[in-house]
Amino acid sequence: MTARSVLREPAFLRLWSGTTASGLATWALPFVLGLAVVDGSVTAVGLGLALGVRTAGFLAAVPVSGVLADRYSRRATVGWSGAVAALGSVAVAGGLGGPLWLLLAGCALAGAGQGACRPAFQALVVEVVDAERRQQANAAMTFSVRASTLVAPALTALLATAFGVRVIALVIAALWVVAAALPPRGLRRPAPAGARPGFLAEFAEGVGEARRHPWFLAGLGALTAVIATGYSATGVALPLVSRDTYGGATVLAAALTGYTAGALLGAVLVARWRPVARGWAALAGLGVYAVAPLALLTPLPVWVVVGAYVVCGIGIELFNVPWFTAVQREVDPATLARVSSLDFLLSYGLAPLGLALIAPAIATFGLQPVLLVCAAVCVLAPALAALAPGARRFSREPATTG
């Protein structure tokens with residue numbers, strides 16, 4: 001008998017809606033800050049500072065949230081983190097065209113709320129969705145976020161033109177209120193209050209749980225390497241190539257749109273795909289990101305570049321969805337938020353370092369050598385991760401036969 005679709009479950013739909021609202025709000029803030037530079041509400045220096053403190057807030061909150069979500073209620077953690085992000089977004093609205101300190105404080109709070117909700121949302125999936133349907137649930141979540149990023153830029157720019165960037169910042173605050181209020185109460189109940197180890201000791205327990213899964217450490221290392229190199233090639237080299245080789249921003253916009261469209265397709269494909277060697281298949285999808293820097297090495301027809309980014313989008317979701325599902329399946333539920341926080345802290349926390357280093361590297365060594373190194377890392381890192389124990393199936397358990 002076919003299991004009932006997770007999309008027909010009210011509890012999951014509430015969680016899905018809250019996660020989607022948080023994803024929209026997270027994506028929209030830097031876009032709104034960029035629009036504020038265009039209309040003169042924020043200087044270029046102010047933009048750099050605002051994005052910097054937002055990232056700092058994100059990184060500071062992720063490990064704290066992981067501990068608190070495992071110690072207390074995941075639902076409560078989502079609630080207070082969304083409230084912090086909403087408060088920060090209101091402060092951002094006041095700081096646009098106003099005091100710089102208020103803008104920076106708002107961005108720091110918004111970043112902290114964004115970082116704090118991520119591990120809690122990941123852990124809450126386990127409490128709301130049964131194991132058989134979690135891959136479908138994760139695919140539905142990533143599909144909604146990708147679809148939002150595909151249509152939201154034009155909508156946000158239109159709303160900003162009609163109402164101004166301050167109103168859009170308040171809309172972001174409203175999205176965070178939705179993200180905080182909608183998710184359902186999970187099944188897990190926190191342990192009774194009593195003597196607890198310190199924060200660092202509890203976080204170390206999460207690290208210890210992560211070390212029990214060699215495939216997780218290897219996959220996280222591969223993901224971190226691909227984000228720090230392949231994503232950096234997209235973030236820095238693609239705009240340069242679009243301007244210098246193709247004479248404008250058309251290729252940049254088309255390639256990024258193609259990437260999102262590919263990710264949407266990948267989410268659909270992976271929703272019900274269950275390969276036996278699911279870990280190797282996921283790592284192969286991650287390695288496909290090597291196509292992005294390779295497509296920028298020499299002048300190619302525009303459709304080839306865009307097609308390369310479509311393929312990259314498909315590949316990244318062929319990795320992301322099985323990866324999240326495996327972590328939710330294999331990790332001890334009592335430490336799941338802490339392990340998820342380690343995932344976000346390393347993979348996305350080191351991304352700014354890659355972005356900061358690739359531009360000087362291009363200036364020093366030239367575009368092509370840097371792109372070749374990025375492509376090599378994108379292939380080699382997942383290939384090496386595939387050699388780790390348990391990597392074939394993203395599991396410590398051997399495959400069953402018969």
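## Lining of the largest cavity

Helix α13 supplies four residues to the lining of the largest cavity, which is the largest share that comes from any one element; the structure described here is a predicted model. Both α12, spanning residues 302–330, and α13, spanning residues 336–347, contribute at least two residues each to this lining. The complete set of lining residues consists of Q122, F324, V327, Q328, L336, S340, D343 and F344, and by character these residues divide into four nonpolar, three polar and one charged.

## Cavity count and volume

When the whole structure is searched, one cavity of 30 Å³ or more is found, and the volume of the largest cavity is about 40 Å³.

## Nonpolar cores

In soluble globular proteins, nonpolar side chains tend to be buried together. Here the largest nonpolar core comprises 98 residues, and within this core L96, F216 and W323 are the residues with the most contacts. The element that gives the most to this core is helix α8, covering residues 214–244, with a contribution of 13 residues.

A second core, separate from the largest one, is made up of six residues, among them A139, A271, I314 and V321.

## Surroundings of F216

Once neighbours within four places in sequence are set aside, F216 is in contact with A210, W323, V327, V339, L342 and D343. Of these partners, W323 is itself listed with F216 among the residues with the most contacts inside the largest core, while V327 and D343 also belong to the lining of the largest cavity.

Key. Residues numbered from 1 in each chain as written. Predicted model: local features only at pLDDT ≥ 70, side-chain atom pairs only at ≥ 80, totals over all residues. Heavy atoms only, no water. Core = buried A, V, L, I, M, F, W, Y, C linked by side-chain atoms within 4.5 Å. Buried < 20%, exposed > 50% of the residue type's maximum accessible area, 1.4 Å probe, protein only. Contact = heavy atoms within 4.5 Å. 1 Å grid on protein atoms, 1.4 Å probe; cavity = no way out; pocket = protein on both sides within 12 Å on 5 of 7 lines; lining within 4 Å. Points joined across faces, edges and corners; volume = space filled by probe spheres on them. Nonpolar A, V, L, I, M, F, W, Y, C, P; charged D, E, K, R; others polar.
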